[in-house]
Amino acid sequence: MTAHGTDEAAPAATTGAKPVTATRHLLAWVAGIGVLSVLPWLAVNDYHRFLLDLILINVILAVGLNIVKGFAGQVTVGHIALMAIGAYTSAILATKFGFPFWLALPSAVLVTALAGAIVGIPSFRLEGAYLALATLGLAESVRIFISANDYLGASIGITDIPPPSLFGLRLDTHLSYYYVVMPLALAGVYFSFCILRSNTGRAFKALREDPLAAAAAGINVQKYKTLAFVLSAVYAGCAGSLAAHMTPGFIHPNSYMLAEMVTLLLMVILGGIGHIWGGIIGAIVVTIVYDLTRDYYNYQMLVFGMVIVLTVMYMPTGIGGIIDRYIVTRRFVALRKAKGDAA
Amino acid sequence: MLLEVTGFSKHFGGLAAVSNVDLNVEEGEIRGIIGPNGSGKSTLFNLISGVYRPEPGGTMYFDGENVTNLPPHEIASRGISRTFQMLRIFSQMTVLENLLVGHQRHTRYGILSAIVGTPAVWAEERRMRAEMMDLLAFIGLADYATMPAGELSGGQRRLLALGRAMAMRPKLLMLDEPAAGLSPLNVDKLLETVLSLKERFGLTLIIIEHILKVVMDTCDLVTVLEHGEKIAEGTPAEIKDDHHVIEAYLGKEMKDADVRAFLRG
Ligand SMILES: Nc1ncnc2c1ncn2[C@@H]1O[C@H](COP(=O)(O)OP(=O)(O)OP(=O)(O)O)[C@@H](O)[C@H]1O
Ligand SMILES: [Mg+2]
């Protein structure tokens with residue numbers, strides 16, 4: 001799955017060449033699935049397999065955040081709370097109501113999607129920093145509510161969340177769990193590609209750039225804002241549920257603090273805000289860097305915050321954007337040269 | 001009557017940007033709107049396109065339907081399309097994507113099938129892209145289809161704004177100073193493009209334009225605004241000889257003869 005990044009820029013004039021592109025895409029996906037299927041077997045130890053699971057969960061999370069923040073341009077700081085809602089819903093359903101994972105996960109996704117619609121309501125009236133503040137307020141109240149609620153484990157958290165089982169087999173190793181997470185991550189990425197390349201993706205980008213012009217072009221701005229929040233919440237809910245059921249099956253309100261949100265923002269911004277690959281690249285890079293620098297925990301947030309600021313200032317399109325610019329610009333420079341600057 | 005606007009008003013603070021304006025436009029007509037700077041032309045467009053709500057008392061019918069107070073996207077979906085004086089193209093999106101956004105209301109697939117990426121979606125996307133490429137070719141921007149719109153030159157941006165408005169396949173197209181800032185040669189080219197689009201798609205047009213020659217040469221009827229009020233309406237020939245218009249444009253001091261000479265270009 002490597003031929004996707006610059007596809008958006010492929011000249012539509014060459015419609016005749018579409019079947020070739022389709023075959024290439026299919027091949028890319030097959031190759032991608034192949035590599036991903038054997039990846040955990042190449043990992044040297046169980047910790048690396050845990051890291052693989054974590055990366056994929058973060059990919060799901062970041063891809064979702066990129067939809068609402070990167071594409072639709074809604075500055076939300078509430079994404080981590082949506083993940084918490086997914087995780088807690090799934091955990092409560094599994095531990096208190098005996099839901100199997102396969103039922104807890106979709107239920108959690110549903111509940112989180114609803115919560116996403118609510119988080120999105122302030123976006124009808126607020127923009128930019130104000131929207132960030134409003135969503136931050138919502139997010140923190142979710143976390144504080146959890147920390148203070150005994151039924152939700154309060155500040156102790158929830159333990160012994162059962163892992164998924166398949167045909168009586170408990171998927172409680174990082175290796176077996178990988179085969180739960182990986183297909184979901186892959187599906188999530190595939191769906192995001194489809195969404196973002198369709199009308200919906202273009203509507204998101206249009207309302208990010210100029211809501212007024214988008215509305216005048218016939219786009220229902222409130223509908224698409226809500227849709228962006230709900231879609232991103234679906235991803236957050238799924239990631240939350242996956243994180244909850246991963247061995248050792250433990251969740252704690254401190255996993256959903258502002259620091260985690262900053263890390264999440266870093267993934268999207270560094271990977272390429274509004275780039276179709278942004279969340280994916282960012283989640284991989286940041287999760288690995290985060291892990292490598294665990295020993296310097298005290299400085300992590302400082303550095304991450306600085307990297308965010310520097311990225312926004314000096315490479316606003318992130319890694320994805322740099323790759324794109326390299327490929328795309330060269331084509332246009334050639335075109336410009338050939339054409340001269342008309343009009 | 002395709003468009004029937006009655007009693008539209010809009011104040012900004014104490015300033016009456018548009019006051020009690022009626023505007024009736026026949027199907028197939030080309031209507032010009034002129035007036036000095038700040039006379040309320042763009043505000044009138046904003047009222048018609050739903051960007052601003054008219055003050056109570058104003059009504060608007062389009063194609064026989066009462067569309068008063070509908071939000072902009074609803075107005076657009078009825079077939080009223082507009083350009084902005086400041087263009088407001090989506091500069092980070094490609095030229096082709098700009099048109100596709102405009103064409104959105106004609107898409108025949110839902111969100112769910114888009115998420116799954118069914119073959120029907122791909123087919124529809126191909127149809128849309130092909131159609132929009134046609135339109136791009138028509139306005140002369142086909143070579144720039146995959147270029148970010150922000151990289152276009154000023155004249156090309158004006159064309160793109162026109163193209164995006166046309167991508168909606170509107171019944172009524174409203175252009176806010178489409179030729180502003182163009183060289184005389186490009187003004188003629190743009191005008192030609194607009195007129196051929198009108199022919200090809202059977203449009204009704206409302207054009208705000210400062211370049212009087214454009215208005216006088218192309219419009220069937222001209223409406224003149226001053227200080228938010230409609231001060232005259234008639235054929236270009238009638239407008240040319242209207243005292244109010246002459247005063248509005250050039251102040252009372254100038255002699256009528258000079259003004260007529262000016263208006264005739
Ligand atoms: N959003 C706004 N807030 C406050 N005042 C406004 C606003 N929009 C327009 N105005 C004022 O309303 C009046 C009419 O403005 P409008 O833009 O409609 O004029 P116009 O006829 O389009 O002028 P121009 O030929 O310069 O484009 C002006 O005095 C302008 O300053
Ligand atoms: Mg104006």
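**View 1. The surroundings of helix α7 (residues 184–201) of chain B.** The buried residues of α7(B) are covered by elements that include β3 (30–34), α5 (119–139), α6 (154–167), β7 (172–176), β8 (204–208) and α8 (212–218) of chain B, where contact means heavy atoms within 4.5 Å. This is a predicted model, in which local features need pLDDT of at least 70 and side-chain atom pairs pLDDT 80 or more, while totals for chains, interfaces and linings use all residues. Residues are numbered from 1 along each chain as its sequence is written, chains are lettered from A and ligands numbered from 1 in the order written, and side-chain values use heavy atoms, without hydrogens and water.

**View 2. The two faces of α7(B).** Among the buried residues (under 20% relative accessible area, 1.4 Å probe, protein chains only) are B:Val187, B:Leu190, B:Leu191 and B:Val194. The buried residues lie on the same side of α7(B) because they cover an arc of only 160° around the axis, taken from the directions from the helix axis to the C-beta atoms. The face turned away carries exposed residues (over 50%), including B:Lys189 and B:Glu192. Just after α7(B), B:Gly202 has a positive phi of about 60°.

**View 3. The magnesium ion (ligand 2).** Its protein donors (N, O and S atoms within 2.8 Å of the metal, or 3.2 Å for Na, K and Ca; water is not among the atoms, so sites may look incomplete) are B:Ser42 (OG) and B:Gln85 (OE1), 1.9 to 2.1 Å from the ion. B:Ser42 is in helix α1 and B:Gln85 in the loop between β6 and α3, 43 residues apart.

**View 4. A salt bridge between chain B and chain A.** B:Glu97 pairs with A:Lys205, with the closest N and O atoms 2.7 Å apart; a salt bridge needs a side-chain nitrogen of Lys or Arg within 4 Å of a carboxyl oxygen of Asp or Glu. The count between the two chains is three salt bridges.

Terms used: Helices (H or I, at least four residues) and strands (E, at least two) are DSSP runs, numbered from the N terminus. The expected span of a helix is 1.5 Å times one less than its number of residues.
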